[in-house]
Amino acid sequence: MRELLLSGTPNERQAEFFRATARHTAYGGARGGGKSWAMRRKLVLLALATPNLNALLLRRTLPELRENHVVPLLKELYGVADYNSTERTFRFPNGARLRLGYCDGANDVYQYQGQEYDVIGLEEATHFTEEQMRFLTTCNRTVKKDFRPRMYYTCNPGNVGHAWVKRLFIDRQFLPGERPEDYAFIPARVWDNKVLLEADPDYVRQLQALPEDLRRAHLDGDWDVHAGQYFREFSREKHVAAPFAIPKWWRRFRSMDWGYNDPCCVLWHAVDGDGRVFTYRELYVRRMQASEVAKKIIALTGDEAVAYTVASPDMWQKRGALLKAEGGFTGESIAELFARAGVALTPADNARVAGWQRVREFLAVNEQGEPLWQAFPDCVNLLRTLPLLQFDAHNREDAADGDDHAPEALRYALMSRPRKSEMAPAARPKRYDPFSQPAHRAGFMEK
């Protein structure tokens, strides 16, 4: 057992992962960071240190589970723990138990229904859907008084679970019931894995030779790049602007993607003298009446001069509040509700493919190397969801539906053809004309 504990020296990031005690801890970000070894060793060390521990280690498919964990653990735990191949379970002398499993299909998680695990590890967590992850959290519980249940995740950018891993551990955008202190992320890159660098220095060169977007994901651990991404041009380094005081002469306008059960997103934009667009404010609400949203828009706008507000064309459909009229009831559109509340709207151009192409053009840079569009950091939902857009499975020119409310609002804005701002010419000082004064005119006439 002593040899097991001493075999393999963790690097600094792996040691940090070993010390982590948060309810949910994710480790990784780039390829070659030593994630699989760290996950195996973490659960084995917990099993050795905790009598009667019940732990579960999962991969998405059986072949992955066998190659990444079953085979290595059979070597590492030889003479330390007994292995039951039928149950795929290691049993330790202190009563601790480490079960290995997989969830190849979406419903495979239900085989763990009603079971109780003190510790659960999701290897390559982005291969699991959010629904699978949430179901597994219901199995993560314990009756031990001196042990806090916890879950561990290793991950790289991309795949079906990219969005929920990024939301929780990278963007730290939490839903009701999710506590920020329960989630910790430990980044790891190939540079942290000294063992790999010494054994295979060519591996780094292979990652460096990848196309820029893949290199950003696999070498740098950039979570704004992932497989199937619609806007691979997006980069936080290029497209997030440090906030600044917007000159009053810049033309300002707003755009809105309406939703009630789905989020309603309102964006504020300003155009500089070169035609570059800056999105500087965001309102992102759910289950709020149109009149209340209008009040918030007016309050946030304050005394700013806004040229216009473009909004979802379906807001003009007669589906809003019903007003009694002669002969029955007539429908009042959502757009009319906003107008009555003091926010006049203009139907947006809803051409999807052309609209997304226009967004792509604004993500490009001008001759000075400056992006044509940038957003302030406070536009958190726009910056969170824009890089998450995926290609539509049936139309590669279009983006797939999903958490696209803020990107839709941006598309409406750029499709409104915002023109560049022009500073009003300074007023020329008037030339003094003594005869323009009434008193002078009167005296001259008397003479």
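**Figure 1. A salt bridge joins Glu 332 and Arg 340 in this predicted model.** Glu 332 is buried, with a relative accessible area of 6%. Its partner, Arg 340, counts as exposed because its relative accessibility is 60%. The N and O atoms of the two side chains are 3.0 Å apart. Elsewhere, salt bridges with shared partners connect Arg 352, Asp 398, Asp 401, Glu 408 and Arg 411 in one network. The structure as a whole holds 31 salt bridges. In general, side chains of opposite charge can pair when their charged atoms come close.

**Figure 2. Glu 76 and Arg 40 form a salt bridge between two helices.** The distance from N to O is 3.2 Å. Glu 76 belongs to helix α4 (residues 62-76) and Arg 40 to helix α3 (residues 35-49). The two residues are 36 residues apart, and their pair links distant parts of the chain. Glu 76 counts as partly exposed, at 21% relative accessibility, while Arg 40 is buried at 8%.

**Figure 3. Arg 252 and Glu 304 meet in a salt bridge.** Their closest N and O atoms are 3.3 Å apart. Arg 252 lies in strand β9 (residues 251-257), and Glu 304 lies in the loop between α11 (290-301) and β12 (309-311), so the salt bridge ties together parts that are 52 residues apart in sequence. Both Arg 252 and Glu 304 are buried.

**Figure 4. An open sheet is built from 8 strands.** The strand order is β3-β4-β5-β2-β6-β7-β1-β8, and the pairing is mixed. Strands β3 (82-84) and β8 (183-188) stand at the edges; each has a single partner strand, so one side of each is left without a neighbour in the sheet. On average, neighbouring strands of the sheet are turned by 15° against each other, direction ignored. Strands of a sheet pair through backbone hydrogen bonds, either parallel or antiparallel.

**Figure 5. Strands β1 and β7 pair in the parallel sense.** The pairing of β1 (residues 24-29) with β7 (residues 150-155) runs over 5 bridges. Gly 28 stands opposite Cys 155 in β7. Helix α2 (residues 12-19) lies across β1, β7 and β8, and runs at about 160° to β8.

**Figure 6. Cys 103 and Cys 265 take part in no disulfide.** A search of the whole structure finds 0 disulfides. For Cys 103, the nearest cysteine sulfur is that of Cys 139, 9.6 Å away. Cys 103 counts as buried, at 0% relative accessibility. For Cys 265, the nearest cysteine sulfur is that of Cys 264, 7.3 Å away. Cys 265 also counts as buried, at 0% relative accessibility.

Methods:
Residues are numbered from 1 along each chain as its sequence is written. This is a predicted model: local features need pLDDT of at least 70, side-chain atom pairs count only at pLDDT 80 or more; totals for chains, interfaces and linings use all residues. Side-chain values use heavy atoms; hydrogens and water are left out. A disulfide is a pair of cysteine sulfur atoms within 2.5 Å. Buried means under 20% relative accessible area, exposed over 50%, partly exposed in between (1.4 Å probe, protein chains only). Two strands pair if DSSP finds at least two bridges between them. Helices (H or I, at least four residues) and strands (E, at least two) are DSSP runs, numbered from the N terminus. Axes are lines fitted to C-alpha atoms, for helices over the stretch in contact, and angles run from 0 to 180 degrees between N-to-C directions. Contact means heavy atoms within 4.5 Å. A salt bridge is a side-chain nitrogen of Lys or Arg within 4 Å of a carboxyl oxygen of Asp or Glu.
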